[in-house]
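Work through the exercises below with the sequence and model side by side. Try each task before reading its solution.

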Amino acid sequence: MDSLYDDAELYDLVAPPDAAMERFYVEAAGGPGQRVLELACGSGRFTAPLAASGALVIGGDLAEPMLARARAAVAERGASADLVQLDMRDFVLGRHFDAIVIAANSLMHLHSRADFARACSTIRQHLAPGGRLLFDVFVPSARLLSLPAGQRELLGVFQHPQLGEVSIEETISYDPITQVSRADWYWSTAERRDFRHTPLELRQIFPQELPLLLEAVDCGWWSGSAISTAPR
């Protein structure tokens, strides 16, 4: 079974550039001389514009294939950034940042209160005085979380330069106690049904719960922005 993050080119099909989100993060965190750390930076779709804005950027991710793609994305902008392999729950960089970014629902990879507490402690140690944590998460969809077990839903149809039309279907299994959903994505082309299967486990965070969760793990200094407000 593959990880969603093993193939950065396929990942980019479902995570295309978003001009509004790029603009938000550049305006909120970027600009000449700003020290920015992007956690779970993925394939660099925000790392690259942040670096191109003149910010001094470090991007961190667990998956080396994503970091390789991010390095290429930054280079394509004629910019520079340091890309390092790290776990957002536990890292030591020995420097402080004006802004720390966790974009595109990546906060939802923190499944438990213990995960949140570890990440917040580490982030706090790396924020400069007056620095901000900036992130976005989507609003969970009650309909999707209550789908019958094994029922496939079409996630989308995408155009790949070599494979042609690629469709992705998903099944979702949700544990209401842990609030973690497990999605299984099935990738198909006209010639190859289910040529790829990628699981994705995300902590579902409800709007009124989020500030309480961050306060509970001593993130009272955070400054968040929920860009994705539509249910998912």
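## Exercise 1: Sheet order

Task: establish the strand order of the open sheet of 5 strands, then find its edges.

Solution. This is a predicted model. Step one: read the order, which is S3-S2-S1-S4-S5, with parallel pairing. Step two: look for strands with a single partner. S3 and strand S5 (127-135) each have one, so one side of each is left without a neighbour in the sheet. Step three: take the twist. From one strand to the next, the average is 20°.

## Exercise 2: From S2 to S3

Task: describe how strand S2 (residues 56-61) is joined to strand S3 (residues 82-85), and give the handedness of the crossover.

Solution. Step one: count the bridges. The two strands run parallel and share 4 bridges. Step two: assign partners. Gly-59 faces Leu-83 in S3, while Gly-60 has Val-84 as its bridge partner there. Step three: follow the chain. After S2 the path goes through helix H4 (residues 64-76) and on to S3, a right-handed β-α-β crossover. Step four: place the helix. H4 lies across S2 and S3, and its direction makes an angle of about 175° with S3.

## Exercise 3: The nonpolar cores

Task: which residues of the largest nonpolar core touch the most other members?

Solution. Step one: this core has 46 residues. Step two: the residues that touch the most other members are Leu-39, Ile-100, Ile-102, Leu-107, Phe-116 and Phe-135. Step three: inspect Leu-107. Beyond four places in sequence, Leu-107 contacts Ile-102, Phe-116, Phe-135, Val-137, Ile-205 and Leu-210. Step four: look for another core. One of 17 residues lies apart from the largest, and its members include Val-36, Phe-46, Ala-99 and Leu-134.

## Exercise 4: Arg-152

Task: is Arg-152 buried, partly exposed or exposed? Locate Arg-152 and list its contacts.

Solution. Step one: Arg-152 sits in the loop between helix H6 (142-145) and strand S6 (153-160). Step two: its relative accessible area is 29%. Buried needs under 20% and exposed needs over 50%, so Arg-152 is partly exposed. Step three: setting aside residues up to four places away in sequence, Arg-152 touches Glu-169, Glu-170, Thr-171, Tyr-186, Arg-193 and Asp-194. Step four: compare Ile-58. Between the C-alpha atoms of Arg-152 and Ile-58 there are 38 Å, with a sequence separation of 94 residues.

## Exercise 5: Confidence

Task: where is the pLDDT below 50?

Solution. Step one: the chain average is 93, and 94% of the residues score at least 70. Step two: the stretch below 50 covers residues 224-231. In the model, this stretch has 22 contacts beyond near neighbours in sequence. Step three: where pLDDT is low, predicted coordinates should not be read in detail.

Methods. Residues are numbered from 1 along each chain as its sequence is written. This is a predicted model: local features need pLDDT of at least 70, side-chain atom pairs count only at pLDDT 80 or more; totals for chains, interfaces and linings use all residues. Side-chain values use heavy atoms; hydrogens and water are left out. Two strands pair if DSSP finds at least two bridges between them. A crossover is right-handed if, with the strands pointing away from the viewer, the path from the first strand over the helix to the second runs clockwise. pLDDT is the predictor's confidence in each residue, from 0 to 100. Contact means heavy atoms within 4.5 Å. Axes are lines fitted to C-alpha atoms, for helices over the stretch in contact, and angles run from 0 to 180 degrees between N-to-C directions. A nonpolar core is a set of buried Ala, Val, Leu, Ile, Met, Phe, Trp, Tyr and Cys residues joined through side-chain atoms within 4.5 Å. Buried means under 20% relative accessible area, exposed over 50%, partly exposed in between (1.4 Å probe, protein chains only).
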